[in-house]
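User: Please explain the terms used for helix packing and for empty space in this protein, setting each value against its definition.

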Amino acid sequence: MSIQKSKDRARLDEKLPSMPWFVQQYIEFKLPDLSPSTLLEYVRDYEIFFNWLIIEGISKATAMQEVTLLDLESLRMEHVTSFRIYLTTYKEQTNSRITVSRKLSSLRSLFHYLSQIAEDENFYPLLKRNIMAKIEIKRVNKPKDTAAKLKGKLLEEEELGEFIDYVREGYAADVATNKQALYSHELNAIRDAAIVSLILNSGLRVSEVVNLNVEDIDLNNKLLYVFRKGNNDETFKTPVYFRERAKMDLEQYFMLRSTRYHAPKQEKGYFLAIKNGEKVGKRMSKRAMQQMILKYAKLFGKPALTIHKLRHSFATDYYLQNDIYKTKEQLGHASTETTEIYAHLTDKTMSEAIDK
């Protein structure tokens, strides 16, 4: 199990006792199929919903654990409409349409389980009336729309190598008058370039890079092993290939990993960082990697470039040379529907259709 999944499973176990018994039963039912991270998000969504029921007086419960199945059966369409409005207003930074749809989808999943799958001692459904079955949740994030938002914010073909070189060397010239920034770059340039190169030459997710262990990387065969999103077999790591350029950058980093970052023998993490006030390196965090990319991207002239957009940049380049199915496998997508983003970004399918 990845580090993040382990943390999320522990957090999930902490939160479950505060949930109604039927939610606890639902989560146990879903554990074999969904990751702890996904289920933790579900529980957080249910916290918002049950607290809203209590605040609005729709449930007479004084705590989430006391919310009953009868409370859910008694819901009317006007209640659901009010809750949707609440989701868009209860935070200073309002939830996006995508976030609202996701929260409603998690509720629909719970209600479906209670009304169609779970049974009482007499073999009747636990929930006799499912108000959420009446709610149509429209897809708001189509591949074509996502592609339109990404255009102009990714690295173009020739910029992939240029950005890696900038991280390794070019950045130093831009911060030459800033002693602290220059010192940090001298210390971490080879590591940072290796991270950027790996993503731009394999398409890994940032979580997959963070969770990499030393034994996961086979430099000779340009191969690494990762826990892929959506794969809940905790004993299986998916093999993922990377390009030759990444091999060279990873080799350079690994040669100095132990000495420069004072890596303890028990530290399995591949990419390390030494925090202020500490003497030994520890696994680099997701946030640290994200901030690192933003720092380089800004001075490179691509302020909209994030660590996830590096993955998109690789995918767009990879799709130009391969079909949608190979791209899907390389990126670890669950379906080609997600991979369609890159068809729209490259317009490859449209140009081929015209030629045919």
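Analyst: A crossing of two helices is left-handed if the near helix is turned anticlockwise from the far one by less than a right angle, and right-handed if it is turned clockwise. The crossing of H5 and H6 is right-handed, where helices (H or I, at least four residues) and strands (E, at least two) are DSSP runs numbered from the N terminus. This is a predicted model, in which local features need pLDDT of at least 70 and side-chain atom pairs count only at pLDDT 80 or more, while totals for chains, interfaces and linings use all residues. Residues are numbered from 1 along each chain as its sequence is written, and side-chain values use heavy atoms, with hydrogens and water left out.

User: Why are H5 and H6 called oblique to each other?

Analyst: Helix H5 (residues 77-87) and helix H6 (residues 97-117) pack at about 140 degrees with their axes 10 Å apart, the axes being lines fitted to C-alpha atoms, for helices over the stretch in contact, and the angles running from 0 to 180 degrees between N-to-C directions. Angles under 35 degrees count as roughly parallel, over 145 as roughly antiparallel, 65 to 115 as roughly perpendicular and the rest as oblique, and H5 and H6 are therefore oblique. Phe83, Arg84 and Leu87 of H5 touch Val100, Lys103, Leu104 and Leu107 of H6, contact meaning heavy atoms within 4.5 Å. These residues comprise five nonpolar, no polar and two charged, with Ala, Val, Leu, Ile, Met, Phe, Trp, Tyr, Cys and Pro counted as nonpolar, Asp, Glu, Lys and Arg as charged, and the others, Gly among them, as polar.

User: What makes H3 roughly perpendicular to H6?

Analyst: The axes of H3 and H6 come within 9 Å and cross at roughly 90 degrees, and that angle makes H3 roughly perpendicular to H6. On the H3 side the contact includes Tyr42, Tyr46 and Phe49, and on the H6 side it includes Lys103, Leu107 and Phe111. By class, the contact of H3 with H6 has eight nonpolar, two polar and four charged residues.

User: How do you know that H8 and H9 are roughly antiparallel?

Analyst: The axes of helix H8 (residues 157-174) and H9 cross at roughly 170 degrees and come within 7 Å, and H8 and H9 are therefore roughly antiparallel. Among the residues that meet are Leu160, Phe163 and Val167 in H8 and Leu182, Ala189 and Val196 in H9. The contact of H8 with H9 divides into 13 nonpolar, two polar and three charged residues.

User: What makes one empty space a cavity and another a pocket?

Analyst: On a 1 Å grid over the protein atoms alone, a cavity is a set of points where a 1.4 Å probe fits but cannot get out, whereas a pocket is an open set with protein on both sides within 12 Å along at least five of seven lines, and lining residues have an atom within 4 Å of a point. The structure holds one cavity of 30 Å³ or more, and the largest cavity has a volume of about 50 Å³. Its lining is Phe49, Trp52, Leu75, His79, Val80, Phe83, Leu107 and Met132, of which seven are nonpolar, one polar and none charged. H5 gives the most to this lining of the largest cavity, with three residues.

The second largest pocket has a volume of about 700 Å³. Of its 22 lining residues, Ser184, Asn188, Ala273, Ile274 and Asn276 are the closest to its centre. H9 gives the most to the lining of the second largest pocket, with eight residues, and by class that lining has 10 nonpolar, six polar and six charged residues.

User: How is a volume obtained from the grid points?

Analyst: Grid points are joined across faces, edges and corners, and a volume is the space filled by probe spheres set on the points.
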